[in-house]
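Here is a short briefing on one protein chain. It covers overall form, nonpolar cores, pockets and cavities.

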Amino acid sequence: MIVTRSWLEEWVDLEGISTDDICKKLNAIGLEVDSLIRHRVPEKIVVGYVESCEKHPDADKLSVCQINLGTATRQIVCGAKNIREGLYVPVAMVGAVMPNGMKIKHAKLRGVESDGMVCSSEELGLPKLGDGILSLDETIGKLEIGKELRDYSLLNDDVVEIELTANRGDCLSIHGVARELSVGFDRPMKTFEFRENESKNLGIGRILQFVHQGNPPVSLLYRAIDIEKLDLPLLMKLRLALVDIEIESTVDAYLDYAIHTSGVILREYSFSKLSHGKEKAKLVLSELKNGLGAVEVDGKVVSVVGIHQDPSFKSEENESILFLEASYIAPERIAPVVKQEKLKTDPLYYRTSRGSEPDLDFGVRVLLDLMCRFSRIEIYAGCSEFITEKEPMTLDISMQEIEELVGQSIEISVVVNILGKLGFTIHRTEDGRVIFDVPGFRHDIVNKQDVIEEIVRIVGIDNIVSRPLYFQEENRVTYDLQHYRFIRDLRLKAVANGFFETIHYIFCDNKRVKELGFEPVKEEKALLNPITKEMDGLRPSLMITMLDSIQRNVAMSKRRIPLFEVGRVFDAERDESFHLLFTYTGEKEMEAVANAGKPEPIDFPTFVDKLAAVIGSFELRQSDAKNGLMHPYQSAEMWVEGEYVGLVSKLHPTVAQAFDLPETFFAEIEVMKLHERHVNAKPISAFTPVQRDLSIVVPQSMRYSQIRHALEGKLPEEVQRFYPIDRYVDESLGENMSLTLRFLISSMEKTLEENEINAIMEEVLKLLQETCQAKLR
């Protein structure tokens, strides 16, 4: 992107700021300056006025001119074809040293005296502005005969070339770079006003019908003008040359100048070529299969919005009525399509693919303002437009987030000021947060980090205090990761305790499901296309499929078969749950000297102990058989911290016989209820605890769980815990039984005296007598 200082000054106040400081600021805010060229006209080159121009008497290609230089009129011989009477021209007086080192002297050319030289733009050290001498006009300032050209700031301009990254399409315009400098220097942008004089009585609707088919993701705006005379002033020609834009035609020069100024994509069309001799032209905007928008006339594509224009529909040199088009399409929509389909593009695609200015009316007003100031045109009233509204991206950012990323705090007022000047729409500030909309021309802003980057580059990286590198990463330990680790640890503990893992399909035989007393998945939710007839259901229990693995191991003469599985089960509504199954079949330990090679079969207490070694402590509560797998008398519910987690049971004898299995126990646990829990630390007394046993007589029908519930939460605080250690029944007790409980007693404050311990035990006995009808044995 190439800009000139004077061009920037039309949009932002740079008074008192040197060009070197401008370049430093551009580099500081992330717009890297690639080069700086200073154009300066040498001394003794002044404004001259050609009072007369006659042919050289002895040379056909030379002219003898009388040129007024203010202090005197000098005769100068000139060889340019475009020299003529009435022109203001740059004249190098005798003694001037040209940029190429040539010194101007008094000379005699083919016998005619010549006091100076009429200069072309190249001879002044400026870019080439056509053939022949340079014709001056008052767009560079008021022309005063004899005034040195070095005093005209618009001719003595500084040209800065900026190396932009591909995502900064918002800076591909003078207005965009000026906006950045406005923020960087904290200087105000200059207001732009164009008061349109709609002198043409006709509205644009009299000569243009614009319709659309579908809703292509584009925006278009059309205006119409009637050109009486179109002149191209020196200032526009000079600036276009300074920024390396070649002039193909006068209309194109106006378009290129307005595009470079505003960043809006502008094109022109010939009314006569679009209307085909009719009073009104009809333009149709349609949506292409690739999602782009095309403008058509009589079924022929005039342009593909943002990509290319058919040059045959552009105006000729002397046409009067033109249509002006401003367009916008998001860069993320066109770039992939163009690359994939290898579409033909024109020079303006470079801008659209990087993000052009979406404010179409702004670009058109800049263009019309230029034409009204430097030419004579009439503007048709009104416009025809199709605008695709884009929902603004709303973000909110906290000062804490900025401080965490930047490494130092920035005042919220500074943040609001920076974002406001960069074009962000500030909605409100609350609780140390700023809520705002990202401007449509900032295609590179997609998240909070991009916004913080904007703030940092304007504040200045040199103004950020250096600190040691510090990494702060978000906690990535999610619930899913914790659950995975918990299951992994369970598996490792199970293996460490002698269990072997098995894996089965979730599919099972619905016939077996029903035989074992489970409810299969409802018919309307059942599998539509089962793999086989024996796999037509979804297992309601892991034990349904585990029976086959146990049976195979028994058939292979395995005498000890400890297995486990983690998997999903399904209820009648086809809702999933995650279960953990442990099974133990056969001998409870391996053959060894200690058991004389004859280990005993697994029993309920041993199996429960093995479960506790894997999953931790749990409580057993009486349970009735809930399905055909459970033994009616050797089964229990498993509870952890007052929550039901699963079942433990001996395999029902009928099922064991059907599968020809020896003693088998199983426990199926709901994993989600067994998930790792937070452990609250409890204080431990520094004083030696005391044990006291209490033997009571209670009815045989009374369960221990009733006694435990009767005591929990009601015992003296010195009783740390209690548990049963003996149960005795004989004929002398009748329908009662003797139960011995052991109590662990300790104080957090002192060593208890014997009388204090006895008092505590008396209180415990009284509580048992009142709640459980217990008697001291």
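The structure holds three cavities of 30 Å³ or more. It is a predicted model. The chain is more spread out than a compact globule, because its radius of gyration of 47 Å is well over the 28 Å that the globule rule gives for 777 residues. Its largest pocket holds about 1,300 Å³ of space.

**Cavities**

- The largest cavity has a volume of about 80 Å³.
- Its lining is made of 14 residues. Gly169, Asp170, Ser173, Gly263 and Glu357 lie nearest the centre.
- Helix H3 (residues 174–185) supplies the largest share of that lining, three residues.
- By class, the lining of the largest cavity has eight polar, four charged and two nonpolar residues.

**Overall form**

- The protein chain has 19 helices and 36 strands.
- A radius of gyration of 47 Å is well over the globule-rule value of 28 Å, so the chain is more spread out than a compact globule.
- Along the principal axes, the C-alpha atoms fill a box of roughly 155 × 70 × 55 Å.
- Buried residues account for 48% of the 777 in the chain.
- Take the contacts between residues at least 6 apart in sequence: 68% of them join residues at least 24 apart.

**Nonpolar cores**

- The largest nonpolar core has 106 residues. Those touching the most other members are Leu26, Leu149, Val177, Ile225, Leu266, Ile402 and Phe436.
- Helix H9 (residues 360–374) gives this core its largest share, eight residues.
- Leaving out residues up to four places away in sequence, Val177 touches Met1, Val3, Leu8, Leu26, Ile162 and Cys171. Leu26, one of these partners, is also among the residues that touch the most other core members.
- A second core of 31 residues is separate from the largest one. Among its members are Val218, Phe323, Ile329 and Val337.

**Largest pocket**

- This pocket encloses about 1,300 Å³ of space.
- It is lined by 39 residues. Ser617, Phe618, Glu619, Trp639 and Glu641 are the closest to its centre.
- Three helices give two or more residues each to the lining: H13 (479–496), H16 (604–615) and H18 (704–711).
- Strands E29 (619–622), E30 (630–640) and E34 (719–728) also give two or more.
- E34 makes the largest contribution to the lining, six residues.
- The lining divides into 17 nonpolar, 13 charged and nine polar residues.

**Second largest pocket**

- About 910 Å³ of space lies in the second largest pocket.
- Its lining has 27 residues, with Ile245, Asp256, Pro347, Leu348 and Arg351 the closest to the centre.
- Strand E10 (158–163) and strand E13 (265–270) each supply at least two lining residues. Helix H5 (250–262) and helix H8 (349–354) each do so too.
- H5 gives the most, with five residues.
- The lining of this second largest pocket has 14 nonpolar, 11 charged and two polar residues.

Note on methods:
Residues numbered from 1 in each chain as written. Predicted model: local features only at pLDDT ≥ 70, side-chain atom pairs only at ≥ 80, totals over all residues. Heavy atoms only, no water. Core = buried A, V, L, I, M, F, W, Y, C linked by side-chain atoms within 4.5 Å. Buried < 20%, exposed > 50% of the residue type's maximum accessible area, 1.4 Å probe, protein only. Helix = DSSP H or I, 4+ residues; strand = E, 2+ residues; numbered from the N terminus. Contact = heavy atoms within 4.5 Å. 1 Å grid on protein atoms, 1.4 Å probe; cavity = no way out; pocket = protein on both sides within 12 Å on 5 of 7 lines; lining within 4 Å. Points joined across faces, edges and corners; volume = space filled by probe spheres on them. Nonpolar A, V, L, I, M, F, W, Y, C, P; charged D, E, K, R; others polar. Rg over C-alpha atoms; globule rule 2.2 N^0.38 Å.
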